[in-house]
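Work through the exercises below with the sequence and the 3D structure at hand. Each task is followed by a solution in steps.

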Amino acid sequence: MPQHTRPRPICGHCDGFPTVTITTGQTTPTGQRQTITAHCPACRGTGHTSTPARVHTRIGA
């Protein structure tokens with residue numbers, strides 16, 4: 001029988017979109033837009049949290 005793995009909770013800071021590309025407004029000598037890549041600092045670019053969601057609900061309660 002296959003073993004079922006539980007899905008990891010999605011990061012609440014980036015909602016599962018951990019890496020984005022941002023244009024700087026400048027163009028390269030070839031005419032392409034110059035971009036930079038930014039990663040979510042909370043999940044370190046994975047899109048998932050390392051702790052289950054229920055642990056977060058107990059904090060401060």
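**Exercise 1.** Determine whether isoleucine 36 is buried, exposed or partly exposed, and describe its surroundings.

Solution. Step 1: isoleucine 36 has 47% relative accessibility, so it counts as partly exposed; buried means under 20% relative accessible area, exposed over 50%, and partly exposed in between (1.4 Å probe, protein chains only). The model is predicted: local features need pLDDT of at least 70, side-chain atom pairs count only at pLDDT 80 or more, and totals for chains, interfaces and linings use all residues. Residues are numbered from 1 along each chain as its sequence is written, and side-chain values use heavy atoms, with hydrogens and water left out.

Step 2: isoleucine 36 lies in strand S2. Helices (H or I, at least four residues) and strands (E, at least two) are DSSP runs, numbered from the N terminus.

Step 3: apart from neighbours within four places in sequence, isoleucine 36 is in contact with Val20, Thr21, Ile22 and Thr24. Contact means heavy atoms within 4.5 Å. The C-alpha atoms of isoleucine 36 and valine 20 are separated by 8.5 Å, and these residues are 16 apart along the chain.

Step 4: Val20, Ile22 and Ile36 form a nonpolar patch on the surface, and together have about 240 Å² of accessible area. Patches are made of residues with over 30% relative accessible area and no salt bridge; like charges are joined within 9 Å, and nonpolar side chains (Val, Leu, Ile, Met, Phe, Trp, Tyr) within 5 Å. A salt bridge is a side-chain nitrogen of Lys or Arg within 4 Å of a carboxyl oxygen of Asp or Glu. Accessible areas come from the Shrake-Rupley method with a 1.4 Å probe, and for residues only the protein chains shown count as cover.

**Exercise 2.** List the elements of the chain and describe how S1 and S2 are joined.

Solution. Step 1: the protein chain has one helix and two strands, in the order β-β-α from the N terminus on.

Step 2: S1 and S2 run antiparallel and are joined by six bridges. Two strands pair if DSSP finds at least two bridges between them. Threonine 23 has threonine 35 in S2 as its bridge partner, and threonine 27 has arginine 33.

Step 3: the hairpin of S1 and S2 has five residues between the strands, and in this hairpin glycine 31 takes a positive phi near 95°.

**Exercise 3.** Which positive phi values do aspartate 15 and arginine 44 have?

Solution. Step 1: most residues other than glycine have a negative phi.

Step 2: aspartate 15 is not a glycine, yet has a positive phi of about 55°. Aspartate 15 lies in the segment before strand S1 (19–27) and is exposed, at 55% relative accessibility.

Step 3: arginine 44, also not a glycine, has a positive phi of about 60°. Its place is in the loop between strand S2 (33–39) and helix H1 (53–58), and with a relative accessible area of 73% arginine 44 is exposed.

**Exercise 4.** How many disulfides does the structure hold?

Solution. Step 1: a disulfide is a covalent bond between the sulfur atoms of two cysteines. Here the cut-off is a pair of cysteine sulfur atoms within 2.5 Å.

Step 2: the structure holds zero disulfides. For cysteine 11, the nearest cysteine sulfur is that of cysteine 14, 3.8 Å away. The closest cysteine sulfur to that of cysteine 43 is in cysteine 40, and the 3.7 Å between them is too far for a bond.

Step 3: cysteine 11 is buried, with a relative accessible area of 2%. Cysteine 43 also counts as buried, at 9% relative accessibility.

**Exercise 5.** Where does proline 18 lie, and with which residues is it in contact?

Solution. Step 1: proline 18 lies in the segment before S1 and is buried, with a relative accessible area of 16%.

Step 2: neighbours within four places in sequence aside, the contacts of proline 18 are Ala38, His39, Cys40, Cys43, Gly45, Thr46 and Gly47. The C-alpha atoms of proline 18 and cysteine 43, 25 residues apart along the chain, are 7.4 Å from each other.

**Exercise 6.** What share of the residues of the protein chain counts as buried?

Solution. Step 1: of the 61 residues, 10% count as buried.

Step 2: the accessible surface of the protein chain comes to about 5600 Å², and 55% of this surface belongs to carbon and sulfur atoms.
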